[in-house]
Amino acid sequence: MSALLAAVLVASGVPALAGEPAISSDRGLVSIRSVHGNGNFVSWRLLGSDAADVAFNVYRDGVKVNRAPVTTATSYLDAGAPANASYSVRQVSGGVESAATRSVGTLATSRDVPLQIPGSGYVANDASVGDLDGDGEWEIVLKWDPADAKDNAQKGRTGNVYLDAYKLNGTRLWRIDLGRNIRAGAHYTQFQVFDYDGDGKAEVAVKTADGTRSGTGQVIGNANADHRNADGYILTGPE
């Protein structure tokens with residue numbers, strides 16, 4: 001399924017999923033240094049497929065550090081651990097461990113994701129997450145608003161709105177240019193990131209219009225259409 005869908009098509013053209021959708025998500029393991037410098041805080045994701053009595057063992061550099069399986073949280077404070085430690089987690093079911101998650105190093109502080117600004121005056125706005133490429137790791141979908149974005153009550157034309165998809169290392173997967181016929185403002189572009197068709201890869205649902213350019217360069221509708229009126233509002237034209 002295309003990464004770009006008009007919301008109306010998503011609402012009417014995708015069959016309802018029976019039960020829980022398939023989400024190919026890993027544990028999202030993260031380790032971050034304590035602000036006091038006396039240990040590492042390790043956190044991971046609880047999956048929808050996990051049993052109610054799921055438990056976990058935490059490994060630092062290949063050695064288990066918890067005395068008993070962790071049952072009441074999806075986090076562990078490894079007091080006294082060195083700042084350069086690496087961690088993995090194993091699920092425990094019926095006393096039997098599963099395979100280890102991928103190993104991660106310890107971050108000194110929060111993780112920065114490099115962004116590619118579309119142009120002067122643009123600011124990062126709303127964001128959502130989902131596994132866009134099916135690799136088990138979540139990507140970020142970010143909306144860029146121009147400096148001249150308008151509220152519904154404000155007249156005037158605006159610059160284009162963009163949606164970017166980023167890996168957590170800052171690699172940009174694609175950029176969607178919503179075009180001149182989608183007005184920039186807080187109440188115009190809401191979007192969803194979800195695996196609508198259950199194929200293990202998330203889609204993006206968003207309102208589009210004539211002139212929207214997809215992340216693969218395809219132009220939707222009439223590229224030359226301009227539905228903006230004299231006050232900058234867009235009250236006609238297909239969506």
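1. A quick word on naming before the pocket: strands here are DSSP runs of E at least two residues long, numbered from the N terminus. Keep in mind that this is a predicted model. With that in hand, β9 gives the most to the lining of the largest pocket, with 3 residues.

2. So much for β9; now the pocket itself. The largest pocket holds about 380 Å³ of space and is lined by 16 residues. G28, L29, V30, R111 and L168 are the ones that lie nearest its centre. The elements giving two or more residues to this lining are β2 (30-33) and β9 (104-107).

3. What is the lining made of? It divides into 8 nonpolar, 3 polar and 5 charged residues. Domain 1 (30-105) and domain 2 (122-220) each supply at least three residues to the lining.

4. Have a look at β7 (residues 86-93) as well. This strand runs antiparallel to β4 (residues 55-60), with 6 bridges joining the two, and F56 has Q91 as its bridge partner. β7 is also antiparallel to β9, through 2 bridges; here Y87 partners V104.

5. β7 pairs with β8 (residues 96-97) too, again antiparallel and over 2 bridges, V92 being matched with E97. These two strands make a hairpin with 2 residues between them, and G94 in the turn has a positive phi of about 60 degrees.

6. Another hairpin is built from β12 and β13, with 5 residues between the strands. Its G170 takes a positive phi near 95 degrees. The strands, at residues 162-166 and 172-177, run antiparallel and are joined by 5 bridges; A165 has W174 as its bridge partner.

Technical notes. Residues numbered from 1 in each chain as written. Predicted model: local features only at pLDDT ≥ 70, side-chain atom pairs only at ≥ 80, totals over all residues. Heavy atoms only, no water. Pairing = 2+ DSSP bridges. Helix = DSSP H or I, 4+ residues; strand = E, 2+ residues; numbered from the N terminus. 1 Å grid on protein atoms, 1.4 Å probe; cavity = no way out; pocket = protein on both sides within 12 Å on 5 of 7 lines; lining within 4 Å. Points joined across faces, edges and corners; volume = space filled by probe spheres on them. Nonpolar A, V, L, I, M, F, W, Y, C, P; charged D, E, K, R; others polar. Domains from an automatic or database assignment.
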